[in-house]
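Trainee: I should like to go through the terms applied to this model and the grounds for each of them. Could we begin with how helix directions are classed?

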Amino acid sequence: MPFDVRDFPGAPPEDRAAGRQNRRMVAFWLFGVAGMVLIMIVLGGVTRLTGAGLSIMEWAPFRGTLPPMSDAEWQRLFHLYQQIPQYALINEGIGLAGFKQIFWLEWSHRLWGRLIGVAFLGPLIWFWATGRVERRLRPRLLVLFILGGLQGAVGWFMVESGFLPDTTAVSAYRLVVHLALALVLYAALLWTGLTVLRPLPATAATGTVLHRLAGLCCVSVALTMLAGGFVAGTHAGLTYNTFPLMDGRLIPPGYGQLEPLWRNLTENVAAVQFDHRLLATFTVLTAACTLVIGFASQPSLALRRALVAFGIAVLVQYLIGVTTLLLVVPVGLAAMHQAVGTLVLTAAIVLLHTARPARAGQRP
């Protein structure tokens with residue numbers, strides 16, 4: 001059919017929402033918001049790497065939208081920062097000029113979060129009011145908006161942990177919770193956009209091995225990224241800066257030295273870094289297996305592109321990770337590592353969505 005009758009402006013709301021043109025509008029809106037979340041993840045990584053995340057000691061969702069507008073306000077905020085251990089133990093004597101440098105980075109991070117909320121809520125209201133959002137999609141979009149607001153609260157919960165006595169950084173546990181929620185939000189936005197854009201699967205087979213492997217790749221990538229969060233939270237990347245061995249050994253000495261044993265997974269620097277390396281290598285091997293099986297199945301053009309994109313992303317990310325480790329975590333390269341990691345997750349989700357099999361009664 002050369003056109004979709006549901007694209008006519010006079011069609012009933014439900015038919016209009018299901019129209020091809022409106023589906024594209026909603027999908028690209030969701031992709032745009034997901035892109036903003038990706039930038040937010042990278043900004044968060046930079047604020048952590050530079051120690052700027054503790055520079056603003058107030059959580060003011062509305063009043064904090066504007067930066068300080070007077071010298072008195074700058075002095076007030078600087079005085080607040082001087083009360084926390086990070087200033088006394090690391091940044092004592094940086095002066096107001098030095099404080100402004102780290103302040104602007106954290107302020108930009110928080111402002112970007114507010115802009116994401118506006119970019120999501122404004123179009124959502126318009127799409128909803130004009131009947132361009134399918135009824136089945138509305139509860140999911142409301143949940144996504146709530147998750148976005150919750151992410152802001154979790155972010156402050158994380159920052160608060162950096163104000164405790166003798167503490168110069170945030171809790172690794174809270175950092176990983178903050179990262180995990182950001183990844184859930186990002187993945188949900190991306191998956192919803194893909195489903196709106198292509199409601200029906202592209203493959204006719206059901207229960208394919210490739211689809212299961214793509215799902216395993218998504219899980220593996222996500223776990224590797226969360227393990228990377230613990231590497232960041234414990235500063236584990238600043239030690240054992242050799243590859244592939246750690247202090248000349250495959251498994252570092254003292255891997256299980258903490259009691260109870262589970263604490264080694266999140267608090268033992270040697271174990272945390274080793275686990276991240278192990279998960280990253282497992283992801284590479286899983287990706288290689290997925291590519292071999294995928295190309296052997298005579299995939300469609302869309303599926304071939306998804307396979308190639310995922311394979312390249314995984315390889316590039318692994319190389320960046322090793323280089324970041326060997327160079328002792330330079331800020332720029334570490335931020336790139338986090339950004340490309342999110343792109344690997346993106347490629348894995350696109351692959352999973354492209355490889356999903358049709359259900360009984362569906363036509364691809």
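Mentor: Angles over 145 degrees between N-to-C directions count as roughly antiparallel. Please keep in mind that this is a predicted model.

Trainee: Why are α2 and α7 called roughly antiparallel to each other?

Mentor: The axes of helix α2 (residues 20-50) and helix α7 (residues 172-197) cross at roughly 160°. The cut-off is 145 degrees, and α2 and α7 are therefore roughly antiparallel. Their axes come within 8 Å, and α2 passes α7 in a left-handed crossing. By class, the contact of α2 with α7 has 20 nonpolar, two polar and three charged residues.

Trainee: Why does Y240 count as buried?

Mentor: Buried means under 20% relative accessible area. Y240 has 19% relative accessibility, so Y240 counts as buried. This residue lies in the loop between α8 and α9, and its phi is near 50°, a positive value in a residue other than glycine.

Trainee: What makes Q298 exposed?

Mentor: Exposed requires over 50%. Q298 reaches 75% relative accessibility and therefore counts as exposed. Q298 is found in the loop between α9 and α10 (301-326); although not a glycine, Q298 has a positive phi of about 55°.

Trainee: Which peptide bonds are cis, and what is omega in each?

Mentor: One cis peptide bond joins F243 and P244, with omega about 5°. Another runs from E259 to P260, with omega near -5°. P244 lies in the loop between α8 (209-234) and α9 (269-296), and P260 likewise lies in the loop between α8 and α9.

How values were computed. Residues numbered from 1 in each chain as written. Predicted model: local features only at pLDDT ≥ 70, side-chain atom pairs only at ≥ 80, totals over all residues. Heavy atoms only, no water. Axes fitted to C-alpha atoms, helices over the stretch in contact; angles between N-to-C directions. Helix = DSSP H or I, 4+ residues; strand = E, 2+ residues; numbered from the N terminus. Parallel < 35°, antiparallel > 145°, perpendicular 65-115°, else oblique. Left-handed = near helix turned anticlockwise from the far one by under 90°. Nonpolar A, V, L, I, M, F, W, Y, C, P; charged D, E, K, R; others polar. Buried < 20%, exposed > 50% of the residue type's maximum accessible area, 1.4 Å probe, protein only.
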